[in-house]
Amino acid sequence: RGIPKDGLVAVASFPMRDINDTAAEVHHAADIGMYAVSLPAPALPNSRTFDSTVPQMNSEYWEPLWQALEDTGLVAAFHIGGDASEHTMYSGPGGAVLNYTNSTYSGQRAAMVMTASGALDRHPKLKVLVSEGGAAWVPFLADRMEEAYRQHHMFVRPKLSRSPKEIIYTQVYCSFQHEASAIPTLTASGYQNVMFGSDYPHLEGTFGHTQDTLHELFDGQPEAVKDRITRGSFEELFPHVSKP
């Protein structure tokens with residue numbers, strides 16, 4: 001494995017109707033040099049895109065997939081906006097901002113479900129990437145889940161061998177484009193798995209002003225912070241990808 005000549009890191013897209021077929025495709029993807037799998041973020045129950053024929057992501061049904069990902073080292077990659085209904089949930093005044101903001105929550109749900117259900121605890125080598133959804137939500141989500149696990153312990157199933165916060169901080173990675181709070185998230189919270197991404201060529205990306213954005217974000221920041229966000233987290237998430 002290594003970065004292809006075109007500089008792209010391949011991500012596999014799978015059929016999801018039979019989880020055993022999906023798990024088999026993970027091994028095939030690893031054999032042909034893929035680095036991650038693109039997974040649908042969990043839809044809200046009762047939304048128009050929710051498929052009641054497929055068990056929800058906190059079900060044991062998904063276990064063969066999590067095992068295959070851990071065995072192969074492929075990353076479970078979730079792109080925000082996985083629930084298409086979240087893009088059009090609001091109409092009228094403010095709708096564009098409401099729908100765009102709302103689209104980020106599906107990635108957060110993916111991290112939340114995989115943590116609370118015990119999937120990440122059972123598979124400590126499994127890594128999750130939530131792309132283009134920002135960074136500041138991660139410490140908030142970890143603290144909120146920590147509080148729920150502690151204060152509602154009498155209701156919590158399954159019991160985890162590590163705290164939700166430890167699981168999220170070690171196994172969940174995130175990427176952002178313009179988010180000014182991303183760097184304070186890394187420097188103030190102890191959460192280190194933050195990556196910058198240009199989101200090319202989407203409208204909300206940095207195409208046409210990437211260098212300006214990088215200067216605005218990183219000028220005056222310590223070199224260690226710059227390196228962690230622009231290179232270090234990626235190289236940790238994909239250690240098998242050779243450096244150019």
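Which residue forms a salt bridge with Arg-144? Look for Glu-147: the closest N and O atoms of the two are 3.6 Å apart. That pair gets its own view below, after a look at the whole chain.

**Figure 1. The whole chain, a predicted model.** Before zooming in, get your bearings: this protein has 10 helices and six strands. There are 244 residues here, and 44% of them count as buried. Take the contacts with a separation of 6 or more: 69% of them are between residues 24 or more positions apart. The accessible surface adds up to about 12,600 Å², with 56% of that belonging to carbon and sulfur atoms. Seven salt bridges turn up in the structure, and the next three views show some of them.

**Figure 2. Arg-144 and Glu-147 pair up within helix 6.** Here's the salt bridge from the opening question, with 3.6 Å between the closest N and O atoms. These two sit three residues apart in the helix, so about one helical turn separates them. In an α-helix there are 3.6 residues a turn, so residues three or four places apart point the same way. Arg-144 counts as exposed, at 52% relative accessibility, because the cut-off for exposed is over 50%. Glu-147, at 37%, counts as partly exposed.

**Figure 3. Arg-122 reaches Glu-63 in a salt bridge.** The side chains meet with an N to O distance of 2.8 Å. This one links distant parts of the chain: Arg-122 belongs to helix 5 (residues 119-122) and Glu-63 to helix 2 (residues 63-72), with their positions 59 residues apart. Both ends are partly exposed, Arg-122 with a relative accessible area of 41% and Glu-63 with 22%. Side chains of opposite charge can pair when their charged atoms come close.

**Figure 4. Arg-162 and Asp-121 form a salt bridge.** Is this pair buried or exposed? Arg-162 is buried, and Asp-121 is buried too. Their closest N and O atoms are 3.3 Å apart. Again, distant parts of the chain are linked: Arg-162 comes from the loop between helix 6 (137-151) and helix 7 (164-171), while Asp-121 is in helix 5, 41 residues away in the chain.

**Figure 5. Helix 1 lies roughly parallel to helix 2.** The axes of helix 1 (residues 19-31) and helix 2 come within 8 Å, crossing at roughly 10 degrees. Since angles under 35 degrees count as roughly parallel, that label fits these two helices. On the helix 1 side, the residues in contact include Ile-19, Ala-23 and Val-26; among their counterparts in helix 2 are Leu-65, Ala-68 and Leu-69. The residues of this contact split into eight nonpolar, four polar and one charged.

**Figure 6. Helix 2 and its packing partners.** Stay with helix 2 and pick out its buried residues: Leu-65, Trp-66, Ala-68, Leu-69, Glu-70 and Thr-72. What do the buried residues of helix 2 pack against? The partners are helix 1, strand 2 (36-39), strand 3 (75-79), helix 4 (105-116) and helix 5. Just after the helix comes Gly-73, which takes a positive phi of about 80 degrees.

**Figure 7. Pro-184 in helix 8, with Ala-136.** One last stop: Pro-184 lies in helix 8 (residues 182-189). At 42% relative accessibility, Pro-184 counts as partly exposed. Pro-184 and Ala-136 are 48 residues apart in sequence, yet their C-alpha atoms are 8.3 Å apart in space.

Technical notes: Residues are numbered from 1 along each chain as its sequence is written. This is a predicted model: local features need pLDDT of at least 70, side-chain atom pairs count only at pLDDT 80 or more; totals for chains, interfaces and linings use all residues. Side-chain values use heavy atoms; hydrogens and water are left out. A salt bridge is a side-chain nitrogen of Lys or Arg within 4 Å of a carboxyl oxygen of Asp or Glu. Helices (H or I, at least four residues) and strands (E, at least two) are DSSP runs, numbered from the N terminus. Buried means under 20% relative accessible area, exposed over 50%, partly exposed in between (1.4 Å probe, protein chains only). Axes are lines fitted to C-alpha atoms, for helices over the stretch in contact, and angles run from 0 to 180 degrees between N-to-C directions. Angles under 35 degrees count as roughly parallel, over 145 as roughly antiparallel, 65 to 115 as roughly perpendicular and the rest as oblique. Contact means heavy atoms within 4.5 Å. Ala, Val, Leu, Ile, Met, Phe, Trp, Tyr, Cys and Pro count as nonpolar, Asp, Glu, Lys and Arg as charged, and the others, Gly among them, as polar. Accessible areas come from the Shrake-Rupley method with a 1.4 Å probe; for residues, only the protein chains shown count as cover.
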